[in-house]
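Student: I'd like a close look at one part of this, please, starting from a single spot. After that, walk me outward from there in one go.

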Amino acid sequence: MTPSGGEPPTPAGPGGVAPATSRAQRRLVGRWVPYALSSPSLLVLAAIVGFPLVFCLVISFQHFQGYQLVTGGPTIWVGFRNYQALFTGQFVPVLVRTLLFVIGTVGMTLIIGLGMAMLMRRAHTWARVVLTVVLVTVWAVPQITAAQIFVWIFDPVYGVANWLLSALHLGSYASLSTNQWFNYPISVLALAGTVVVWGAVPFVAITLFAGLLQIPDELYEAARVDGASWVSQLRTITVPLLLPILLLLSVLSIIWDFNVYNQVAVLQNVGGISDQTTIFGVWAYDVGFVGNNYGAGAAVTMLGVLLLCIVTGAAVRMMVRGART
Amino acid sequence: MTTLGPMGAEGVAAAARVTSVRRRRRGSVPATVALLVIAAIWLFPIYYMLIDAFKPNNDLLHYPPQLWPAQWTLANFQEAFTVNGAGPTVPQPSFLTSLFVSVVVALVVVAFSMAVSLFASLAVARFNFRGRGTMLVALLVAQMVPFASLLIPIFIELNKVGLIFTVPALIIAYVAPVLPFTIWTLRGFVASVPVDIEEAALTDGCSRLSAFWRVIFPLIAPGLVATSIFAFILAWNDYVYAYTILGNSGTIFGGQAETASVWLFGLINPSRVTPWGELFAASLIFTLPVMIFFLIIQRRLAAGLTAGAVKA
């Protein structure tokens with residue numbers, strides 16, 4: 001694609017350029033200063049991010065259960081036994097469920113977010129302000145509260161959802177109110193996904209809109225003059241120029257949605273079904289804390305981190321390369 | 001859970017510039033209508049929570065659902081504050097206490113992480129030192145570490161040092177996902193302040209420290225606001241850490257302590273009828289301050305957030 005006017009925004013590395021030590025700096029401060037400035041945060045990060053990660057890997061190879069936590073008793077090395085137990089157990093169904101959940105939520109979030117951003121670019125300014133206010137408001141709603149509102153909206157007897165469906169003749173109220181949304185694994189996960197997407201769209205839409213603002217109008221005007229359709233404008237201008245942002249948002253969304261716990265926990269608590277709706281983030285918690293088996297829970301966690309590394313690895317490598325410069 | 005990606009401040013100015021150019025173009029009517037419909041759909045759950053907080057119990061448990069309350073009442077709010085929360089048998093901490101715990105935890109997380117990350121961001125943005133590149137990469141990688149995966153090891157660690165089920169433990173746990181993000185974002189804001197300005201202050205006889213306070217600090221204040229919001233929101237909204245690390249067995253001022261999100265979670269209990277009115281009244285009190293604050297700083301929030309992401 002050769003844009004016929006204006007310069008496309010050039011993506012710069014997120015790390016920026018290394019600052020040249022200025023003369024004033026050299027004169028006024030000692031060499032130890034940057035180290036002194038960064039050491040508190042490095043110490044804290046080592047203690048609460050670095051060490052826990054290593055520790056998690058270590059106990060995933062150990063027999064480490066609740067009683068050892070209480071008594072401080074010795075942990076026993078068991079090699080890959082925790083992992084073996086997972087693979088012969090729930091691993092495959094949980095993985096399939098999680099992948100479908102993540103693909104669905106991330107896909108919907110990005111599509112809706114991009115759609116909103118594109119509409120915001122074209123709509124009247126006051127309508128854009130209205131949507132921004134709504135998005136910011138949604139953003140401020142805690143996940144637990146969001147999930148609880150949706151539980152109430154989908155309440156079998158008094159919920160708005162069933163009322164609306166029967167009012168639109170999409171189902172009879174009698175059957176809707178007896179077939180509860182929270183009794184079927186698919187509808188529970190779909191509802192959890194809806195809550196996740198609802199809450200995740202604001203950040204994505206606002207970020208993408210800021211990105212769209214950097215694409216010069218002239219590009220679209222030129223495309224229109226050339227008779228390019230809406231779809232081909234999307235394909236040749238919007239998506240390629242937003243690619244760095246889309247990449248970043250995809251990686252972040254995948255990481256967030258892979259580890260969803262809160263929304264699913266609220267819905268499981270209502271419906272009382274848990275086994276068939278467990279996804280990775282919930283599984284690690286259930287095995288570790290509900291099952292009191294920290295070794296196995298750590299193994300689930302490490303599997304999750306490994307999976308995320310594989311899925312997002314290429315994108316993260318690109319960002320890290322940007323940071324190094 | 002909102003740890004955010006690599007960001008900086010470089011894009012803000014550019015975005016503002018483009019906006020002013022764009023304003024000249026007229027909006028399209030179909031896009032405006034579509035946008036308003038979407039806005040209405042997205043707002044509906046919040047609207048419903050808002051009106052249901054004011055409905056008397058009889059009107060809540062009513063079919064068809066009322067999309068505009070027939071009667072208004074403040075009883076739900078009164079109940080949220082007076083009636084003890086969840087659990088038919090176990091006495092729970094009151095909503096007010098849990099709200100207080102949430103506020104304290106969130107504010108301390110903000111204060112601590114801001115102080116520590118401001119220093120670190122100055123180091124990586126203003127100095128060229130051995131290990132700077134490694135530190136940047138480490139921060140980026142740390143941001144990619146899913147917060148949820150640290151729960152089990154952090155829990156065991158805190159248990160070992162005897163802090164588990166205390167408010168400080170929860171604060172320490174929240175700093176983990178906050179710090180990489182705040183350092184990274186502040187770095188962008190510090191880097192966007194030209195070194196020349198600082199040097200001019202130094203030439204005019206400012207000391208290094210007063211140059212920082214008088215020149216850099218005011219310029220990066222928007223960055224401090226944006227990053228502290230994220231620290232605050234993360235601590236304010238979280239549930240699973242609060243439930244696991246503090247639960248409701250911690251204590252504050254001699255009373256039981258739990259955060260507001262844990263208190264709210266407990267209100268839905270399969271063994272009894274959910275007090276929806278009370279739940280929404282409490283949710284509203286829990287959500288409204290953040291909402292209002294977000295709306296006030298809306299413009300700055302979007303800018304701070306999108307700043308570097310746009311250029312990433």
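Tutor: Let's begin with a word we'll need: helices here are DSSP runs of H or I with at least four residues, strands are runs of E with at least two, and both are numbered from the N terminus. Keep in mind that this is a predicted model.

Our spot is A:Asn183, which sits in the loop between helix 9 (173-178) and helix 10 (185-213) of chain A. Is A:Asn183 buried, exposed or partly exposed? A residue needs 20 or more other C-beta atoms within 10 Å to be buried, and 12 or fewer make it exposed. A:Asn183 has 14 such neighbours, so it counts as partly exposed. Setting aside residues up to four places away in sequence, A:Asn183 touches A:Gly271 and A:Ile273. Another residue to look at is A:Val270: 87 residues separate it from A:Asn183 in sequence, while their C-alpha atoms are 9.2 Å apart in space.

That kind of link turns up across the chain. For chain A, 73% of the contacts between residues at least 6 apart in sequence join residues at least 24 apart. The chain has 15 helices and two strands, and 48% of its 325 residues count as buried. As for confidence, the mean pLDDT of chain A is 84, with 89% of its residues at 70 or more. Go easy on residues 1-17, though: pLDDT stays under 50 there, even if the model does give that stretch 37 contacts beyond four places in sequence.

Now try a second loop in chain A, the one between helix 6 (125-139) and helix 7 (143-153), where you'll find A:Ala140. This time the count of C-beta neighbours inside 10 Å is 23, so A:Ala140 is buried. Who are its partners? Apart from neighbours within four places in sequence, A:Ala140 is in contact with B:Thr287, B:Val290, B:Met291 and B:Phe294. As for A:Gly89, it is 51 residues from A:Ala140 in sequence and 38 Å away in space, C-alpha to C-alpha.

The helices on either side of that loop meet chain B too. Take helix 6 of chain A: it packs against helix 13 (residues 276-296) of chain B at about 145 degrees, with the axes 9 Å apart. Their crossing is right-handed. On the helix 6 side the contact uses A:Val133, A:Val136, A:Thr137 and A:Trp139, and on the helix 13 side B:Met291, B:Phe294 and B:Leu295. Sorted by class, that gives six nonpolar, one polar and no charged residues.

Then there's helix 7 of chain A, whose axis comes within 9 Å of the axis of helix 12 (residues 260-267) of chain B, crossing at roughly 20 degrees. Angles under 35 degrees count as roughly parallel, so that is what we call helix 7 of chain A and helix 12 of chain B. This crossing is left-handed. A:Ile144, A:Thr145 and A:Gln148 meet B:Ser261, B:Leu264 and B:Phe265 here, which comes to three nonpolar, three polar and no charged residues.

One more pair: helix 5 (residues 91-122) of chain A and helix 2 (residues 29-52) of chain B have axes that come within 8 Å and cross at roughly 135 degrees. That angle makes helix 5 of chain A oblique to helix 2 of chain B. The crossing is left-handed. A:Met116, A:Leu119, A:Met120 and A:Arg122 meet B:Ala31, B:Ala34, B:Leu35 and B:Ile38, a set with seven nonpolar, no polar and one charged residues.

Now zoom out to the whole meeting of the chains: 99 residues of chain A contact 102 residues of chain B. Helix 2 (residues 33-59) of chain A gives the largest share of chain A's side, 15 residues. That side has 71 nonpolar, 25 polar and three charged residues.

Finish with chain B itself. It has 14 helices and two strands, and 51% of its 312 residues are buried. Look at helix 7 (residues 151-160) of chain B: eight of its ten residues are buried, so the rest of the structure largely encloses it. Among those buried residues are B:Ile152, B:Phe155 and B:Glu157. Just after this helix, B:Gly162 takes a positive phi of about 75 degrees.

Definitions and conventions: Residues are numbered from 1 along each chain as its sequence is written. Chains are lettered from A and ligands numbered from 1 in the order in which they are written. This is a predicted model: local features need pLDDT of at least 70, side-chain atom pairs count only at pLDDT 80 or more; totals for chains, interfaces and linings use all residues. Two residues are in contact if their C-beta atoms, placed from the backbone, lie within 7 Å. Ala, Val, Leu, Ile, Met, Phe, Trp, Tyr, Cys and Pro count as nonpolar, Asp, Glu, Lys and Arg as charged, and the others, Gly among them, as polar. pLDDT is the predictor's confidence in each residue, from 0 to 100. Axes are lines fitted to C-alpha atoms, for helices over the stretch in contact, and angles run from 0 to 180 degrees between N-to-C directions. Angles under 35 degrees count as roughly parallel, over 145 as roughly antiparallel, 65 to 115 as roughly perpendicular and the rest as oblique. A crossing is left-handed if the near helix is turned anticlockwise from the far one by less than a right angle, and right-handed if clockwise.
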